[in-house]
Amino acid sequence: MNLVFLGPPGAGKGTIAALAKDYYQIPHISTGDLFRSNIKNETELGKQVKSILASGGLVPDEVTIAMVRNRLEEKDAARGFILDGFPRTIPQADALEGMAKLDAVVNFVLADEEIIKRLSGRRICKSTGRTYHVVFNPPKKEGIDDETGEPLIQRDDDKPEAIKHRLEVYAASTEPLIDYYRKKGLIVDLDASKSPEEVMRQLASLVKA
């Protein structure tokens, strides 16, 4: 089962991928994790990514494609995979076509207002990284971490203005991929507004193992 997850920030792709990898018995491959592990293990590609990110540049398609190709050749991906964060561009999608035949491209559908509500409500404990949400997962005492007693913070990129900008970037760069895959008959639209358990049930009924 070869799947790609597409969707805006805050749509819950990572949460559902964690459930789906167990359900389908295939690895969840996130490009963010791939970058971090390559940098940590000081691979040739990791060294390239580290210097690009250090200079504030964007990682070019060919480097990302090479990293994904290497990961898909690993033994645990032989039965399939869930790709999250790749492809992000049409050239990346074209390259993926040469690596694997996809079964479905799952498009997480969520209204901008709901995304802003989800992301802007996120609060973080700076020292431990523990995450809360003012509506969905509030701390016992408002604004205070349950364990350390530290004040919780809101990350700059979780502020409404920053979220709107992230959504504009997503629409400009990634939405063309939805059209690309819809023309190939691979898109499966998923209502991402429900609870993770309900979204997973919906996925399992739409994409049969």
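Q: What makes E1 and strand E3 (residues 81-84) a pair?
A: In this predicted model, 4 bridges join E1 to E3, and the two run parallel. Pairing takes at least two bridges, so E1 and E3 count as paired. One contact to look at is Phe5, which stands opposite Asp84 in E3.

Q: How do you know that E1 also pairs with E4?
A: Count the bridges again: E1 and E4 have 4, in the parallel sense. The cut-off is at least two, so this is a pair too. Here Val4 stands opposite Val105 in E4.

Q: Why is E1 called mostly covered?
A: Buried means under 20% relative accessible area, and 5 of the 5 residues in E1 are buried, so "mostly covered" fits. Both faces are covered: Asn2, Val4 and Leu6 are buried on one side, and Leu3 and Phe5 on the other.

Q: Which elements have the highest and the lowest mean pLDDT?
A: Strand E1 (residues 2-6) has the highest, at 97, while helix H3 (residues 44-54) has the lowest, at 88. For the protein, the average is 92, and 100% of the residues score at least 70. Local features need a pLDDT of at least 70, so no residue falls short of that bar.

Q: What makes a residue part of the lining of the largest pocket, and which ones are closest to its centre?
A: A lining residue has an atom within 4 Å of a pocket point, and 50 residues line this one. Closest to the centre are Pro9, Gly10, Lys13, Arg88 and Arg166. The volume of this pocket is about 1,800 Å³, and helix H2 (residues 31-40) gives the largest share of the lining, 5 residues.

Q: How many residues of each class does that lining of the largest pocket hold?
A: You get 20 nonpolar, 20 polar and 10 charged. Gly counts as polar, so Gly10, one of the residues closest to the centre, goes in the polar class.

Q: What lines the second largest pocket?
A: This pocket has a volume of about 170 Å³. Of its 13 lining residues, Pro8, Leu110, Asp112, Tyr170 and Glu175 are the closest to the centre. Strand E4 (104-109), helix H6 (112-120), helix H7 (160-173) and helix H8 (175-183) each give two or more residues, with the largest share, 4 residues, coming from H7.

Q: Which classes make up the lining of the second largest pocket?
A: There are 9 nonpolar, 1 polar and 3 charged residues. Tyr counts as nonpolar, so Tyr170 belongs with the nonpolar residues.

Methods:
Residues are numbered from 1 along each chain as its sequence is written. This is a predicted model: local features need pLDDT of at least 70, side-chain atom pairs count only at pLDDT 80 or more; totals for chains, interfaces and linings use all residues. Side-chain values use heavy atoms; hydrogens and water are left out. On a 1 Å grid over the protein atoms alone, a cavity is a set of points where a 1.4 Å probe fits but cannot get out, and a pocket is an open set with protein on both sides within 12 Å along at least five of seven lines; lining residues have an atom within 4 Å of a point. Grid points are joined across faces, edges and corners, and a volume is the space filled by probe spheres set on the points. pLDDT is the predictor's confidence in each residue, from 0 to 100. Buried means under 20% relative accessible area, exposed over 50%, partly exposed in between (1.4 Å probe, protein chains only).
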